[in-house]
2 protein chains.
Amino acid sequence: MLTDQRHQLIRDRLAAEGRVLAGELASRFGVSEDTVRRDLRELAKAGHCRRVYGGAVAAAPFAAAPIGLRGGHAVEEKARLAGTAVALLSRGQTLFIDGGSTNVAIAKAIPRDLELTIATNSLGVASALSDHPLVELTMLGGRFVRDLGTCVGADTLAAIAQLGADLFFLGSCGLDASRGVTAFDSAEAEVKRAMAKNSAGIVIAVTNDKLATAAPYRVAGADAIRHLVVEKTAPAAILADFERQGAEIHFA
Amino acid sequence: MLTDQRHQLIRDRLAAEGRVLAGELASRFGVSEDTVRRDLRELAKAGHCRRVYGGAVAAAPFAAAPIGLRGGHAVEEKARLAGTAVALLSRGQTLFIDGGSTNVAIAKAIPRDLELTIATNSLGVASALSDHPLVELTMLGGRFVRDLGTCVGADTLAAIAQLGADLFFLGSCGLDASRGVTAFDSAEAEVKRAMAKNSAGIVIAVTNDKLATAAPYRVAGADAIRHLVVEKTAPAAILADFERQGAEIHFA
DNA sequence: TTTCTATTTGCACGTTCTTGCATGTTCTGC
DNA sequence: GCAGAACATGCAAGAACGTGCAAATAGAAA
């Protein structure tokens, strides 16, 4: 196994789970723990992770994610959500992924050996996927909105209209059992609606702070959500409301 | 087996698997590992892959390589070219910028206080511009080509057809006074042609190694070039040919 | 075809890199 | 504070590497 390959796999695992254990990696790769420790030391030196006793944890991705990763605190939590979310994927599927830091984390967590077709209007997601050799990637162009890191507008909508997907990873929004899925921006909401319309199922992965909140623009009803990926500590009462409307709950 | 044939097979394998092993390729092709190493060295020099101990991995086309010292000179030279190229810009202009590392350098070099409208099909250029507050940015979507870091295809062409620009920064191509501007990829050439058609002027910034070279697909004649940005050490004889056909030469 | 030249290839050599082990040190949980 | 795990460091074996050189090969010229 190539050193570089090991490094990549460790980074994948860091993106998916937020942490790695030296011993576990050693047995997985079939190398000594010393070698793993050397790898982790180098990755830490390059800023890809932070070394801790027993392994390493994901570092705040400054350089890796130039766009729209504002929430630096919840990095590890988002990586955990992402790891659970990508477990929903299977080979050959077609996905819509829109913007938001959680969706960037999900894009990073997608295994490199998984064959997928993905369309996204997020520059961050596209960048994260640009080194996944088996992903057929379509960039949905349009007017670039700096604050969101995504493309919106008529061109974006026209491109979406020509596509259909198995799953739509809907990100960065308000989420309320009665008001449904909502967005902060009109044009953004329009794009999300178009993606939702052309998808067989919607997946939403959220941290607790998004639960039971709402934004001005409505995207879809809560009953449109097929998979809801949440933290272990999410309030059961809120989740029950979504579950009643047909959502499948996945705990990260 | 022909050298070019081997190179192509290696590139195919890199595209499919993201990595290759020197020993594996040697036995597969029936040549010595030395030959394979030479191949990998050349492919790496051409930017098609990154050399690692034991083999090579697919190159990240537009990823900034701050650590790599190998291309240190080229990076510095490209930054100098970029600085000269952005001096051609003035407030309120509309630009097309396509892919290539030189264009990413140019995008980075654009002053943050300059008001511009820019359309690009390059993920790297878009990322570089995503923190320029006064740039109105349009992402030209389409099928994403990993090797180029750009979007191509019918969607891209359709989006370009709706736009017009003052200047087109045409990147990463072969450049010859008689054969004109050429590209390595058919779809890429098509996009460049569309951008050229809808632009009032073409700007090309090249390092010396691109001068007097040609690729299979023709994009435009040498007489279409309005501004040619070159290194100070560029051969005067070659430049004279371009100047005769109407290009304005700018030394970085 | 034959000859000449330029390129490619394989081999030998010395060098560099990676890796696992041994050693001694540091950290964590009890 | 103690025991054990995790760690850093030094070291040696082996693999991978680059380079110089000669043989082999391809392509052009005669």
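1. Start with R51(A) and DNA strand D. In this predicted model, an N or O atom in the side chain of R51(A) sits 3.2 Å from a phosphate oxygen of DNA strand D. Now look at chain B: a polar side-chain atom of R51(B) is 3.1 Å from a phosphate oxygen of DNA strand D. Add R37(A) to your view as well, since one of its polar side-chain atoms lies 2.8 Å from a phosphate oxygen of that strand.

2. Zoom out a bit on DNA strand D. How many residues surround DNA strand D? There are 18, and the closest are R37(A), Y53(A), G54(A), R37(B) and G54(B). Of the atoms of DNA strand D that come within 4 Å of the protein, 62% belong to sugar and phosphate. By class, the surface near this strand is made of eight charged, six nonpolar and four polar residues. If you want to find these residues on the fold, go to helix 3 and strand 2 (49-52) in chain A and to helix 3 and strand 2 (49-52) in chain B, as each of these elements supplies at least two of them.

3. On to DNA strand C. Here 16 residues surround the strand, and the closest are T35(A), R38(A), R6(B), T35(B) and R38(B). Sugar and phosphate make up 61% of the atoms of DNA strand C that come within 4 Å of the protein. The nearby surface splits into six polar, six charged and four nonpolar residues.

4. Some individual contacts from chain B to DNA strand C deserve a look. T35(B) has a polar side-chain atom 2.3 Å from a phosphate oxygen of the strand, and S32(B) has a side-chain N or O atom 3.1 Å from a phosphate oxygen. Which part of DNA strand C does the side chain of Y53(B) come to, base or phosphate? Here it's a base: a base oxygen lies 3.1 Å from an N or O atom in the side chain of Y53(B). The elements giving two or more residues to the surface near DNA strand C are helix 1 (3-17) and helix 3 (33-45) in chain A, along with helix 1 (3-17) and helix 3 (33-45) in chain B.

5. Next, the layout of chain A. The chain is divided into domain 1 (3-58) and domain 2 (75-251). Their centres, taken over C-alpha atoms, are 28 Å apart. Seven residues of domain 1 are in contact with seven residues of domain 2.

6. Check D12(A) too. D12(A) belongs to helix 1 of chain A. Is D12(A) buried or exposed? It counts as buried because its relative accessible area is 13%, under the 20% limit. Leaving out residues up to four places away in sequence, D12(A) touches K108(A) and R112(A).

7. Now for the inside. The largest nonpolar core has 66 residues, and the members touching the most others are L89(A), I118(A), F169(A), L89(B), I118(B) and F169(B). Pick F169(B) and list its neighbours, skipping residues up to four places away in sequence: A85(B), L89(B), L95(B), F96(B), I97(B), D98(B), N103(B), I106(B) and V203(B).

8. Last stop, A128(B), in helix 6 (residues 123-129) of chain B. Its relative accessibility is 12%, so A128(B) is classed as buried. Apart from residues up to four places away in sequence, A128(B) touches V104(B), A107(B) and K108(B). From A128(B) to F169(B) is 41 residues in sequence and 15 Å in space, C-alpha to C-alpha.

Methods
Residues are numbered from 1 along each chain as its sequence is written. Chains are lettered from A and ligands numbered from 1 in the order in which they are written. This is a predicted model: local features need pLDDT of at least 70, side-chain atom pairs count only at pLDDT 80 or more; totals for chains, interfaces and linings use all residues. Side-chain values use heavy atoms; hydrogens and water are left out. A nonpolar core is a set of buried Ala, Val, Leu, Ile, Met, Phe, Trp, Tyr and Cys residues joined through side-chain atoms within 4.5 Å. Buried means under 20% relative accessible area, exposed over 50%, partly exposed in between (1.4 Å probe, protein chains only). Contact means heavy atoms within 4.5 Å. A residue is near a molecule or strand if one of its heavy atoms lies within 4 Å of it. A polar contact is a pair of N or O atoms within 3.5 Å; within protein, one must be able to donate a hydrogen and the other to accept it, and residues adjacent in sequence count only if both atoms are side-chain atoms. Helices (H or I, at least four residues) and strands (E, at least two) are DSSP runs, numbered from the N terminus. Ala, Val, Leu, Ile, Met, Phe, Trp, Tyr, Cys and Pro count as nonpolar, Asp, Glu, Lys and Arg as charged, and the others, Gly among them, as polar. Domain bounds come from an automatic or database domain assignment.
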